[in-house]
Structure formats: structure tokens, C-alpha cells
Amino acid sequence: MPLPFGLKLKRTRRYTVSSKSCLVARIQLLNNEFVEFTLSVESSGQECLEAVAQRLELREVTYFSLWYYNKQNQQRWVDLEKPLKKQLDKYALESTVYFGVVYYVPSVSQLQQEITRYQYYLQLKKDILEGKIPCSLEQAIQLAGLAVQADFGDYDQYESQDFLQRYALFPVGWIQDEKTLEEATQSVAVLHQKLRGLSPPDAELLYMQEIERLDNYGEETYPAKVGDSQGADLSIGACLNGIFVRHKNGRSPVIFRWLDITNMSHNKSFFTLELASKEETIQFQTDDMETAKYVWRMCVARHKFYRMNCNL
């Protein structure tokens, strides 16, 4: 239909975000929801982390960070001081970035803010359900009962406990036998009834305190060999107390405490610890130069964090 009086409207220019100057960061939160932020290509990982924290109204950001899957499908923590886009372009398998706990604490009582404790609870629940923190069946039932109380409240709000069969109570594929799974789920239902009246924040707190006592709590591990490529296969990693070495042959793990470590370094594919008490160095070989540098960066960061924040 022609416009009156011979008026002509100019076509408006549509504003588009240039991929050359901006990065649309897609972050998966610990509750599995996604958020997106438009950042400059020069924005650091720290700026992105702070945007997530602002969205969550989280002030205690220190314990959290961002990670991605590298091209070998391994979890890698973002270097918060460097531009996020450059790291993703160079190393990441996909563009999605994940929010999570990078520094675990000896006691959850250190966490001051309720939202901090809630995000920490979500992380520990993921660690259990993904099998990162192994536990016995009895422990898993106890944890599942607390998680149900925390996530759903009192049992008598529901007509039956059938909804538990659709809820992830145990690590996927962990219980293969149908009968065992049914019995374990029933045990969780009974425990859920006993927890009636326990508030969700209190249930979350008890859940986290149970996990604090488990082996492998707060650990991050990397495959390595002793000394050189001919050495025995093992895994090294950081935990609350220091750098641990876990042998594949079942030998007891060795822990080098943070206080005893005077220096850490990397050279080519080697990661090296220098110990004060023994005046010696211990060398491990990782998969490649990039892995050695990453292990060094993460262990140095943990060493600094735990010495400053946890009196370890």
C-alpha cells in the first residue's frame, strides 16, 4: 500500500554483533542451565567469571572458576588472566564454557554466603553422580536421602515416592542389577521420610559434611609417569593437603604437603617438585609440553590458594 503524501521511509540498519570484535560466551551453570554474555574479544576469563557471579549474586567468587573441554576431550580450567576467546579458539573442543568449583575447602563452614554454599552443594552432587568421588553403596544411599530432602523438601508433600525413580540418585550405570537398584531406591525413600522437617539448607550442609570425609574429595588428577617414558604409570594431582601421587599397582598414595614444597617447575613434558625437607627434586613426565605447563599452572595456583586461605 503506497504511503500518503509521497513519503518514503528509509530502511533502518539492523545492528549485528560482529564476531570479530565480540565474543558471545555460553556458560553452563551447576544447575545445568545456560547463560550467555556478550564480551569483547579481549575480555579475560576473570571478566567472564565476574559476569557469571553477578548473575548468580555470588560474592565469594574465589572458590569458583570456568573450564572447557580441550581437543582431547579433557577438562581444562580457563586461565583467568588471559583473553577467554583466544584460549577457546586455540584449545577448546567446543565453545561452551562450564562454571564450577576450582578450590575445595577443608570445611564448608568457611563459606559465608548461602548462595556460595548452594553452588558448592551442586558441585559436590555432580562430583558424586559423575563418579569423581567414589563411595560405598551405604554412603551413596545416605547422600541420596539428604539430596532428595535438600531438593524436594518433606516426603509428605508428595502422594508417593515414585518420583524418586525418575531422579538421579546414584552415578549413571553404577548399579547394574535391577533388583539392587530397586532396593537402594527404596532405602533412599525410607531415609527421606526420616529426614522430614530438615530444612533444605540444613540438608545441603549435612550432605557436604558427609562428602568432606570421603577419600578423593577435592582432588584433580592427571596421568603421568615417574621420571621418564620408561617409568611406571601413575596419576598425580592436587588435593587440599598438597600434591599426591597415586600408583596404578595399588601401592599406598604418597602426598607431598604444601608446606614441604619449595618450588614447582615445568620443562618440555616434565613437571618437577622441589622439596625443602629432603633437598631433592622429584620429576614426572606428562603427555606433552602443553600438559606439563597446565599441571604446573594449576598446582602453583592451588599451592598459593591453600597456603593463603586454609592454613595448610
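**Reading a predicted fold, feature by feature**

The protein has seven helices and twelve strands. Keep in mind that this is a predicted model.

Me: Let's start with the overall picture. What box do the C-alpha atoms fill, and what share of the 312 residues is buried?

Reply: Along the principal axes, the C-alpha atoms fill a box of roughly 90 × 60 × 40 Å. Buried residues make up 45% of the 312 residues. For contacts with a separation of 6 or more, 55% are between residues 24 or more positions apart.

Me: On to the rings. How many aromatic pairs does a search of the whole structure find, and how do I describe one?

Reply: The general idea is that a pair of aromatic rings is described by the distance of the centres and the angle of the planes. Here the search of the whole structure turns up 19 aromatic pairs. Take tyrosine 63 and phenylalanine 305: their centres are 6.0 Å apart and their planes sit at 80°, so this pair is edge-to-face. Tyrosine 63 is in the loop between helix H1 (45–56) and strand S3 (64–69), while phenylalanine 305 is in helix H7 (residues 289–309), so the pair ties together parts 242 residues apart in sequence.

Me: Are those two residues buried or exposed?

Reply: Tyrosine 63 has 11% relative accessibility and counts as buried. Phenylalanine 305, at 5%, counts as buried too. Now try another pair: phenylalanine 152 and tyrosine 167 are edge-to-face, with 4.9 Å from centre to centre and 80° between the planes. Phenylalanine 152 belongs to helix H4 (residues 137–152) and tyrosine 167 to the loop between H4 and helix H5 (178–194), so this pair ties together parts 15 residues apart in sequence. Phenylalanine 152 is partly exposed at 26% relative accessible area, whereas tyrosine 167 is buried at 18%.

Me: Which residues form one aromatic cluster with Tyr63?

Reply: The cluster is made of Tyr63, Tyr103, Trp258, Phe305 and Tyr306. While you're looking at rings, check for charges over them as well. Arginine 26 lies over the face of phenylalanine 34, 3.8 Å from the ring centre. Arginine 76 has its charged end over the ring of tyrosine 294, at 4.3 Å from the centre.

Me: Now strands. Which strands does S6 pair with, and in which sense?

Reply: A general point to carry along: in a regular strand the side chains alternate between the two faces of the sheet. As for pairing, strand S6 (residues 220–226) runs antiparallel to strand S7 (residues 233–238), and six bridges join them. Tyrosine 222, for instance, has isoleucine 236 in S7 as its bridge partner. S6 also pairs in the antiparallel sense with strand S12 (residues 280–285), over two bridges. There, lysine 225 is matched with glutamine 285 in S12.

Me: Back to H7. How many residues does H7 have, and what does H7 reach from its first C-alpha to its last?

Reply: H7 has 21 residues and reaches 30 Å, close to the 30 Å expected at 1.5 Å a residue. At its N-terminal end, aspartate 288 acts as a cap, with a side-chain oxygen 3.2 Å from the backbone nitrogen of glutamate 290. The buried residues of H7 include Thr291, Val295, Met298 and Cys299. Those buried residues pack against strand S4 (75–77), S6, S7, strand S8 (242–247), strand S10 (261–267) and strand S11 (270–275).

Me: Zooming in, what is cysteine 299 in contact with, beyond its neighbours within four places in sequence?

Reply: Cysteine 299 is in contact with Ala238, Ile243, Trp258, Met264 and Phe271. Its relative accessible area is 1%, so cysteine 299 is buried. The C-alpha atoms of cysteine 299 and glutamate 220 are separated by 9.7 Å, with their places 79 residues apart along the chain.

Me: Last one, backbone angles. Which residues have a positive phi although they are not glycine?

Reply: As a rule, most residues other than glycine have a negative phi, and most peptide bonds are trans. Glutamate 57 has a positive phi of about 60°. Glutamate 57 is in the loop between H1 and S3, and counts as exposed at 63% relative accessibility. Asparagine 73 has a positive phi of about 65°, and is found in the loop between S3 and S4.

Note on methods:
Residues are numbered from 1 along each chain as its sequence is written. This is a predicted model: local features need pLDDT of at least 70, side-chain atom pairs count only at pLDDT 80 or more; totals for chains, interfaces and linings use all residues. Side-chain values use heavy atoms; hydrogens and water are left out. Rings of Phe, Tyr and Trp (its six-membered ring) pair if their centres lie within 6.5 Å; planes under 30 degrees apart count as stacked, over 60 as edge-to-face and the rest as tilted. Helices (H or I, at least four residues) and strands (E, at least two) are DSSP runs, numbered from the N terminus. Buried means under 20% relative accessible area, exposed over 50%, partly exposed in between (1.4 Å probe, protein chains only). A charge sits over a ring if NZ of Lys or CZ of Arg is within 6 Å of the ring centre and within 35 degrees of the ring normal. Two strands pair if DSSP finds at least two bridges between them. The expected span of a helix is 1.5 Å times one less than its number of residues. Contact means heavy atoms within 4.5 Å. A polar contact is a pair of N or O atoms within 3.5 Å; within protein, one must be able to donate a hydrogen and the other to accept it, and residues adjacent in sequence count only if both atoms are side-chain atoms.
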